[in-house]
Amino acid sequence: QVQLVESGGGLVQAGGSLRLSCTASGRTGSAYAMGWFRQAPGKERDFVAVINWSGGSTVFADSVKGRFTISRDNAKNTVYLQMNSLIPEDTAIYYCAAALSLVAVTSRSLYDYWGQGTQVTVSS
């Protein structure tokens, strides 16, 4: 069992930045890909970014490429999502997720553990 807790969400004006953190606890000894998903009201939960267990590979959704970065610190069991140049379309609940995979997977169905989400609101 792995527990994931997100933090760092909040309200920011367009053009601003936020850094989300996700800390894992429990049985974290396995190799996990760590990803971020987001869900806006009335929409599906969509992939945002993922980093593999070693941190050597990352994948981003087209909508956030060039604006977001993802990193992880395995010693702290923490993954980060740095969000820059935020736009109102980024407004959503952001979820951290972990997948038992050696590769950076993007499909929601492949993730085994989920956090409860943190709200990000970007105003115009």
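The nonpolar core, the aromatic pairs and a surface patch of this predicted model are described below.

The largest nonpolar core comprises 39 residues, of which Leu 4, Met 34, Trp 36, Phe 68, Leu 81, Met 83 and Tyr 94 touch the most other members. At least two residues of this core are supplied by each of strands S1 (2-7), S3 (18-26), S4 (33-39), S5 (45-51), S7 (68-73), S8 (78-83), S9 (92-99) and S11 (118-123). The greatest contribution, 6 residues, is made by S9. Beyond its neighbours within four places in sequence, Leu 4 is in contact with residues including Cys 22, Met 34, Cys 96, Tyr 113 and Trp 114.

Across the whole structure, 5 aromatic pairs were found. The ring centres of Phe 37 and Phe 47 lie 5.8 Å apart, and the pair is edge-to-face because the planes stand at 75 degrees. Phe 37 belongs to strand S4 and Phe 47 to strand S5, with their positions 10 residues apart in the numbering. Phe 37 is buried, at a relative accessible area of 1%, and Phe 47 is likewise buried, at 17%. Phe 37 also pairs edge-to-face with Tyr 111, the centres being 5.1 Å apart and the planes at 80 degrees. Tyr 111 is located in the loop between S9 and strand S10 (113-114), so this pair ties together parts that are 74 residues apart in sequence. Tyr 111 is buried, with 6% relative accessibility. Ring pairs join Phe 37, Phe 47, Tyr 111 and Trp 114 into a cluster.

On the surface, Trp 53, Leu 102 and Val 103 form a nonpolar patch with a combined accessible area of about 320 Å². Trp 53 lies in the loop between S5 and strand S6 (58-60) and is partly exposed, its relative accessible area being 39%.

Definitions and conventions
Residues numbered from 1 in each chain as written. Predicted model: local features only at pLDDT ≥ 70, side-chain atom pairs only at ≥ 80, totals over all residues. Heavy atoms only, no water. Core = buried A, V, L, I, M, F, W, Y, C linked by side-chain atoms within 4.5 Å. Buried < 20%, exposed > 50% of the residue type's maximum accessible area, 1.4 Å probe, protein only. Helix = DSSP H or I, 4+ residues; strand = E, 2+ residues; numbered from the N terminus. Contact = heavy atoms within 4.5 Å. Patch = residues over 30% accessible without salt bridge, like charges linked within 9 Å, V, L, I, M, F, W, Y side chains within 5 Å. Areas by Shrake-Rupley, 256 points an atom, 1.4 Å probe, with all protein chains shown as cover. Salt bridge = Lys/Arg side-chain N within 4 Å of Asp/Glu carboxyl O. Phe/Tyr/Trp six-rings, centres within 6.5 Å; stacked < 30°, edge-to-face > 60°.
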